[in-house]
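The following exercises concern salt bridges, internal space, surface character and backbone geometry. Each task is followed by a solution in steps.

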Amino acid sequence: MFEQKTEAEAREEILTMVTEYCKTFHMTQKEYQEGDRISYASRVYDEAEMWNLADSALEFWLTSGRYTERFEKEFAEYIGVSYCSLVNSGSSANLLAFMALTSPLLKERRICRGDEIITVAAGFPTTVTPYLQYGAVPVFLDLTVPQYNIDTEQLERALSDKTKAVMIAHTLGNPFDLKTVKEFCEKHTLWLIEDNCDALGSEYCLDGVWKKTGSVGDIGTSSFYPPHHMTMGEGGAVYTDNPLLHKIIRSMRDWGRDCMCPSGQDNLCGHRFDKQYGELPLGYDHKYVYSHFGYNLKATDMQAAIGCAQLQKLPEFTKQRRANFKRLKERLSDLQDKLILPEACPDSNPSWFGFLITCKEGVDKNQIVSYLEEHGVQTRMLFSGNLTKQPCFDELRKSKEGYRIVDTLKQTDIIMERSFWIGVYPGMTDKKIDAMAKLLKEAVASI
């Protein structure tokens, strides 16, 4: 087929065919009909993502490469930070963000085993897993309803001489009280990690300046799993303005190595074979010197290629999420005698990941959820509910060691028992929004 063509001509023909394939077989969308399944989230893409993916595949540079470099640069600019490191998942991003703070390079601010990390129990477990596995101690605070974020009034009571950091997520796109949390961290010289995996595109006004969530703390993390604000299949990112933290993050992401050469390049520093490291022989190959206990958490360039196309769509995705949330809330406003509807944090402009609802006392959540699911509306819980009651905590609960709870988790338990959420993703049409509202009203009326 390509006998009379140059490689460039053949490549162009393939990519043109891929574009037409996507337009023909992927971009036809059936209009919603009553009874159709309404998912809580889904991929939203067009031929740009598929073109990039095919372009990267034809190059066959399977590890991080030119698309990765481009994505990291453009994503950092979007968030408003200096450095971004692409990784293979949001969970890996949280692992890397936390483990960076255990580096000996941080000296007295280094997190050590037995140190405490302030967090919440109503969230995704991989916000907490890294420090439990390392041997640090999570200190769980309650949430507030209807913002579903950390109760900042408990912060001072959570503090101890072992506290080293605060690591919490912006719940379903709704920013937590960044002003209060940041001031608390600065007052007590604590690290702040923003788990931004469910809030990409959300904004917070801090001291009169609007900032993207993830850019206010010392480190931010994102996830690019398919249901999230943008996707590259699997994937995540860790980002910071701190050059030392960036150096540590890159080292730990790339096997823990001391060398900072990009994949496929050697000896950029010009001193690959002439320095002494630790107790290694003089001149030991710098590419095999390890300054940290690290991992291989890199993503592939094919993932980054998809991400580059998705990033261009992110502002429109964010706009649509906000519009969908507003429309749904307006249509459910007459149910507030039975349901608690979500509210944005003051001084914030959320990029909503979902629409979180809490049933008032006496209203059966399970009955409502069952009705919605039976009629085609996909629902989700607020992830772990109360993480300390999950089976993975069985041994910790029995030993009564390894974690600490400040006061009670009363609101967290209420959320676990009476809350659920439905989608507002950018592929959601007005018909789907209106259908969800209609079915939810029917569910409430049936109780």
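A residue is called buried when its relative accessible area is under 20%, exposed when it is over 50%, and partly exposed in between. The model is a predicted one.

**Exercise 1.** Describe the salt bridge between Lys 431 and Glu 31, and classify both residues by accessibility.

*Solution.*
- Step 1. The side chains of Lys 431 and Glu 31 form a salt bridge, with 2.4 Å from N to O.
- Step 2. Lys 431 belongs to helix α13 (residues 430-445), while Glu 31 sits in the loop between α1 (7-25) and α2 (47-59), so the pair ties together parts that are 400 residues apart in sequence.
- Step 3. Glu 31 has a relative accessibility of 49% and therefore counts as partly exposed.
- Step 4. Lys 431, at 43%, is likewise partly exposed.

**Exercise 2.** Determine whether the partners in the salt bridge of Glu 72 and Arg 253 are buried or exposed.

*Solution.*
- Step 1. The side chains of Glu 72 and Arg 253 meet at 3.1 Å, N to O.
- Step 2. This pair links distant parts of the chain, since Glu 72 lies in helix α3 (residues 66-79) and Arg 253 in helix α8, 181 residues apart.
- Step 3. The limit for a buried residue is under 20%. Glu 72 has a relative accessibility of 10% and is therefore buried.
- Step 4. Arg 253 has a relative accessible area of 6%, so Arg 253 is buried.

**Exercise 3.** State how many salt bridges the structure holds, then describe the pair Lys 5 and Glu 13 and the network that includes Arg 327.

*Solution.*
- Step 1. The structure holds 33 salt bridges.
- Step 2. In one of them, Lys 5 pairs with Glu 13, and the closest N and O atoms are 3.3 Å apart.
- Step 3. Lys 5 has a relative accessible area of 33% and is partly exposed. Glu 13, with 23%, is partly exposed.
- Step 4. Salt bridges also link Arg 327, Glu 330, Arg 331, Asp 430 and Asp 434 in a network.

**Exercise 4.** Characterise the largest and the second largest cavity by volume and by the classes of their lining residues.

*Solution.*
- Step 1. There are 3 cavities of 30 Å³ or more in the structure.
- Step 2. The largest cavity holds about 50 Å³ of space. Its lining includes Ser 42, Arg 43, His 228, His 229, Phe 317 and Arg 321.
- Step 3. The lining of the largest cavity has 5 nonpolar, 5 polar and 2 charged residues.
- Step 4. The second largest cavity has a volume of about 40 Å³. Among the residues that line the second largest cavity are Gln 147, Tyr 148, Asn 174, Pro 342 and Trp 352.
- Step 5. By class, the lining of the second largest cavity divides into 5 nonpolar, 4 polar and no charged residues.

**Exercise 5.** Identify the residues of the nonpolar surface patch that contains Tyr 284, and locate Tyr 284 in the fold.

*Solution.*
- Step 1. The patch is formed by Trp 255, Tyr 284, Tyr 288 and Tyr 290. Together these residues have about 460 Å² of accessible area.
- Step 2. Tyr 284 is in the loop between α8 (243-253) and α9 (301-331).
- Step 3. With 36% relative accessibility, Tyr 284 counts as partly exposed.

**Exercise 6.** Find the separation of the C-alpha atoms of Gln 303 and Gly 235, and assign Gln 303 to its element.

*Solution.*
- Step 1. Gln 303 is part of helix α9.
- Step 2. The relative accessible area of Gln 303 is 14%, so Gln 303 is buried.
- Step 3. Gln 303 and Gly 235 are 68 residues apart along the chain, and 7.1 Å separates their C-alpha atoms.

**Exercise 7.** Examine the backbone at Pro 146, Phe 60 and Lys 107.

*Solution.*
- Step 1. Most peptide bonds are trans, and most residues other than glycine have a negative phi.
- Step 2. The peptide bond from Val 145 to Pro 146 is cis, with omega near 20°. Pro 146 lies in the loop between β4 (143-144) and β5 (149-150).
- Step 3. Phe 60, which is not a glycine, has a positive phi of about 60°. Phe 60 is in the loop between α2 and α3 and is exposed, with a relative accessible area of 59%.
- Step 4. Lys 107 has a positive phi near 55°. Lys 107 is in the loop between α4 (90-100) and β2 (116-120) and is exposed at 63%.

Conventions. Residues numbered from 1 in each chain as written. Predicted model: local features only at pLDDT ≥ 70, side-chain atom pairs only at ≥ 80, totals over all residues. Heavy atoms only, no water. Patch = residues over 30% accessible without salt bridge, like charges linked within 9 Å, V, L, I, M, F, W, Y side chains within 5 Å. Areas by Shrake-Rupley, 256 points an atom, 1.4 Å probe, with all protein chains shown as cover. Salt bridge = Lys/Arg side-chain N within 4 Å of Asp/Glu carboxyl O. Helix = DSSP H or I, 4+ residues; strand = E, 2+ residues; numbered from the N terminus. Buried < 20%, exposed > 50% of the residue type's maximum accessible area, 1.4 Å probe, protein only. 1 Å grid on protein atoms, 1.4 Å probe; cavity = no way out; pocket = protein on both sides within 12 Å on 5 of 7 lines; lining within 4 Å. Points joined across faces, edges and corners; volume = space filled by probe spheres on them. Nonpolar A, V, L, I, M, F, W, Y, C, P; charged D, E, K, R; others polar.
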